[in-house]
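Me: I would like to learn how to read salt bridges, cysteine pairs and burial from a set of coordinates. Could you take me through them one at a time?

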Amino acid sequence: MENLGSTLAEALRRGIKNWDISGNWSDILIHCILCVGTLLFAWLVNELAKKIILQIIRGIILRTRVKWDDVILEHRVFTRLSHIAPALVIYMLAPVTFSGLGDIHPESGEWGGVIGFIQRLSVVYIIVAILFVIDAFINALHTIYKDTELGKRLYIRGYIQVLKIIVNLSLIHI
């Protein structure tokens, strides 16, 4: 992946050389172009996940006769799951976006720190998104349970809350 980033940065550098922009400013411009390109691609993946994939899933679920998948859809489990896609794109493209630009401050390794920071930030976002998916899924299971005969007699809301706390603490610990 880093070779792709270096190749892309070199192609941009050759193109920008024709614009008569000096050294550091050309590197900054290349960095900005790659950042905007990465963000646009992440946005495109987000739109694809939300508009196309979720519509297909929604269509399949609404055609089935069982109720539990409708409850999962109502609790927006799949919508929350789609939030992971753009974060994965940013995580995967961070080395591509910032590779080839390390020559701005090669002795400090500044860009390597940026790649690590962006990837760590993406992982944190993915973990939070997974927490929201699990929370919505547990809520959907609770709704399904409440519609059963046992659920009408036996309330488990407190146990559900304890389960959510355990799940949240275990994922935050990661």
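The dialogue below takes up each of these features in turn.

Me: What kind of model is this, and how are its residues numbered?

Reply: This is a predicted model, in which local features need pLDDT of at least 70 and side-chain atom pairs count only at pLDDT 80 or more, while totals for chains, interfaces and linings use all residues. Residues are numbered from 1 along each chain as its sequence is written, and side-chain values use heavy atoms, with hydrogens and water left out.

Me: How many salt bridges does the structure hold?

Reply: A salt bridge is a side-chain nitrogen of Lys or Arg within 4 Å of a carboxyl oxygen of Asp or Glu, and the structure holds 2 of them. One joins Glu47 to Lys51, with 3.0 Å between the closest N and O atoms. Both of these residues belong to helix H2 (residues 23-63), where they are 4 residues apart, about one turn of the helix; helices here are DSSP runs of H or I with at least four residues, numbered from the N terminus.

Me: Which residues does the other salt bridge link, and what does the pair tie together?

Reply: The side chains of Lys164 and Asp135 meet at 3.2 Å, N to O. Lys164 lies in helix H8 (residues 157-173) and Asp135 in helix H6 (residues 110-146), so the pair ties together parts that are 29 residues apart in sequence.

Me: Are the residues of these salt bridges buried or exposed?

Reply: Buried means under 20% relative accessible area, exposed means over 50%, and partly exposed lies in between, computed with a 1.4 Å probe on protein chains only. Glu47 is partly exposed at 22%, whereas Lys51 is exposed at 52%. In the other pair, Lys164 is buried at 12%, and Asp135 is partly exposed at 23%.

Me: How many disulfides are found, and why do Cys32 and Cys35 not form one?

Reply: A disulfide is a covalent bond between the sulfur atoms of two cysteines. The criterion used is a pair of cysteine sulfur atoms within 2.5 Å, and a search of the whole structure finds 0. The cysteine sulfur closest to that of Cys32 is in Cys35, but at 6.4 Å it is too far for a bond. Cys32 itself is partly exposed, with a relative accessible area of 38%.

Me: Where does Thr79 sit, and which residues is it in contact with?

Reply: Thr79 is placed in helix H4 (residues 77-81), and at 14% relative accessibility it counts as buried. Contact means heavy atoms within 4.5 Å; leaving aside neighbours within four places in sequence, Thr79 is in contact with Lys50, Leu54 and Arg58.

Definitions and conventions:
Helices (H or I, at least four residues) and strands (E, at least two) are DSSP runs, numbered from the N terminus.
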